[in-house]
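Me: I should like to learn how backbone, packing and pocket features are read from a model. May we take them one at a time?

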Amino acid sequence: MNIRDDFLLYDNKEINKNVLLSAKSKRRMKKAKSDNTLKSYSADWNDFTDWCEAAELCPLPCKPEDIVNYINDLADHAKANTVSRRVTAISENHIAAGYQESNPAKHVMVHNAMQAIRREKGTFQHGKSPILMETLPLLADMLTGKDLVTLRDRALLFLGFAGAFRRSELVAVQMEDLTFTTQGLVVFIPQSKGDQMGAGSQIAVPYAPDRDVCAVRAVRAWIDAAGLTTGPLFRGFKRNLQPRDTQLNDKAVATIVKKYMARLGLNPDDFAGHSLRRGFATSAAQHDLDTLSIMRQTRHKSEKMVHRYIEQGNLFKENALNKMYER
C-alpha cells in the first residue's frame, strides 16, 4: 500500500523528533492502533488527498468546508457508513499532526453534513448471510472424509461457529491456547478487535450431544491426524498436502466457508468468514438466549450489534402475522 508522507498515523514525525521520549516509548506509541485500522485509515486518507489534489486544495490542514464538499461528492456513490469512516480517518490524521483543538473534522458544519447524509441514505448495513445451527448437520454430511484437508475444514467451521470467532481470531489460535477438559474445550484469546488492550478472554466450547456437529471432537480429530503439538492450530498445506508451520491466512476462512456453501447449493457470494460468528449470534437469538449470554460467547462490548442479531433471529418468531394465523 502506498503510504503518503502526510499520513502520520504510521510514522508520526512529531513523535519521532521528540527528544524527551525514549526509543521504547516511540515504538510502543506506534502500536496505539491495530494494523488493520491503520490500513483502512491510510486508504481513506489517500482518497481524500486525491480529491484535494484534483480540487487544488491543501489536505493537511484542511478547512471544514473542504471536508463537507468532499463527503457530499463521496455520498453520491458511497454508503453513509463509508462516508463516516472517511471523516474519522481525516480527523485522526489531523490529531496526529497536532490539530487537536482546531480539528476541522470536528467542526459543527461537518457534523451537520454527516447528519444530512445519514438521513438521506440511511445507515442499514447489509451483512453476509449467517450459517445457522440448522446448517451444521448438512455440513457434517459433506465433511465425512478422513483426509487432512477435510478434517481441518471441519474443525475450522465447527469451532468458528461454536466460539463465535472473528476470522482473525480463528486463524490466530495457537496450540498453547487450547485446554481440553472433561466438559469440552477452553480457547484463550490473547487479543482481539474488541479487546485492543490485550486483557484476553477465555471461550468455553462444550461437547455437543450430537457427535457429528461437535466442535471439540472435530478439533481433537484434526490435531491428532495432523500431529500438532505447538504453533498455529489452523494451517495451510504444502504441495504434498502436509500441514505448513505457519498459520492460515484470515482470508482463507472466507474461501473455506464459500466452498462448502456452494456445495450445499447456496450462492457463495452471500457468505463470508463472518457468517460463522453471525450465525452463532442469530441462532442463539432464535433459541431465546438472553443478550448477556450471547455477548459472553461473542465478546461484544456493546449491546447494539447483538440486538441487531436478536432482531434478525426473531423476524418470524415474533411476527404479527404468525399470531394472527393462530386465531
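Me: In which loop does Ala 164 lie?

Reply: This is a predicted model. Ala 164 lies in the loop between H8 and helix H9 (167-172).

Me: What is the value of phi of Ala 164, and is Ala 164 buried or exposed?

Reply: Phi is read together with the residue type, and burial is read from the relative accessible area, where buried means under 20%. Phi of Ala 164 is near 50 degrees, a positive value in a residue other than glycine. The relative accessible area of Ala 164 is 0%, so this residue is buried.

Me: Where is Glu 56 placed, and is Glu 56 buried or exposed?

Reply: Glu 56 has its place in the loop between H3 and H4. Its phi is near 60 degrees, again a positive value in a residue other than glycine. Exposed means over 50% relative accessible area; Glu 56 has 73% and is therefore exposed.

Me: Is the peptide bond from Leu 60 to Pro 61 cis or trans?

Reply: Here one reads omega. The bond from Leu 60 to Pro 61 has omega near -5 degrees and is cis. Pro 61 is placed in the loop between helix H3 (35-54) and helix H4 (64-74).

Me: Are H4 and H6 roughly parallel or roughly antiparallel to each other?

Reply: The angle between N-to-C directions decides, and an angle under 35 degrees counts as roughly parallel. The axes of H4 and helix H6 (residues 108-121) cross at roughly 15 degrees and come within 9 Å. H4 and H6 are therefore roughly parallel to each other. Their crossing is right-handed.

Me: At what angle do H12 and H13 pack?

Reply: H12 and H13 pack at about 160 degrees, and their axes are 10 Å apart. H12 is therefore roughly antiparallel to H13, as angles over 145 degrees are classed in that way. The crossing of H12 and H13 is right-handed.

Me: Which helices and strand each supply at least two residues of the lining of the second largest pocket?

Reply: A pocket is read from its volume, its lining and the elements that supply the lining. The second largest pocket has a volume of about 570 Å³. Of the 24 residues that line this pocket, Met 133, Phe 161, Ala 162, Pro 206 and Phe 280 are the closest to its centre. At least two lining residues each come from helix H7 (136-142), helix H8 (148-162), strand S3 (201-206), helix H12 (274-286) and helix H13 (291-298).

Me: How many residues of the lining of the second largest pocket are nonpolar, polar and charged?

Reply: The lining of the second largest pocket has 18 nonpolar residues, together with 4 polar and 2 charged ones.

Me: What separates the C-alpha atoms of Pro 137 and Val 213?

Reply: For such a pair, one sets the distance in space beside the separation along the chain. The C-alpha atoms of Pro 137 and Val 213 are separated by 6.2 Å, while the two residues are 76 residues apart along the chain. Pro 137 belongs to helix H7 and is partly exposed, with a relative accessible area of 36%.

Me: In which strand does Leu 178 lie, and how far apart along the chain are Leu 178 and Ile 203?

Reply: Leu 178 lies in strand S1 (residues 178-180). Leu 178 and Ile 203 are 25 residues apart along the chain, and their C-alpha atoms are separated by 9.8 Å. Leu 178 counts as buried, because its relative accessibility is 12%.

Definitions and conventions
Residues numbered from 1 in each chain as written. Predicted model: local features only at pLDDT ≥ 70, side-chain atom pairs only at ≥ 80, totals over all residues. Heavy atoms only, no water. 1 Å grid on protein atoms, 1.4 Å probe; cavity = no way out; pocket = protein on both sides within 12 Å on 5 of 7 lines; lining within 4 Å. Points joined across faces, edges and corners; volume = space filled by probe spheres on them. Helix = DSSP H or I, 4+ residues; strand = E, 2+ residues; numbered from the N terminus. Nonpolar A, V, L, I, M, F, W, Y, C, P; charged D, E, K, R; others polar. Buried < 20%, exposed > 50% of the residue type's maximum accessible area, 1.4 Å probe, protein only. Axes fitted to C-alpha atoms, helices over the stretch in contact; angles between N-to-C directions. Parallel < 35°, antiparallel > 145°, perpendicular 65-115°, else oblique. Left-handed = near helix turned anticlockwise from the far one by under 90°.
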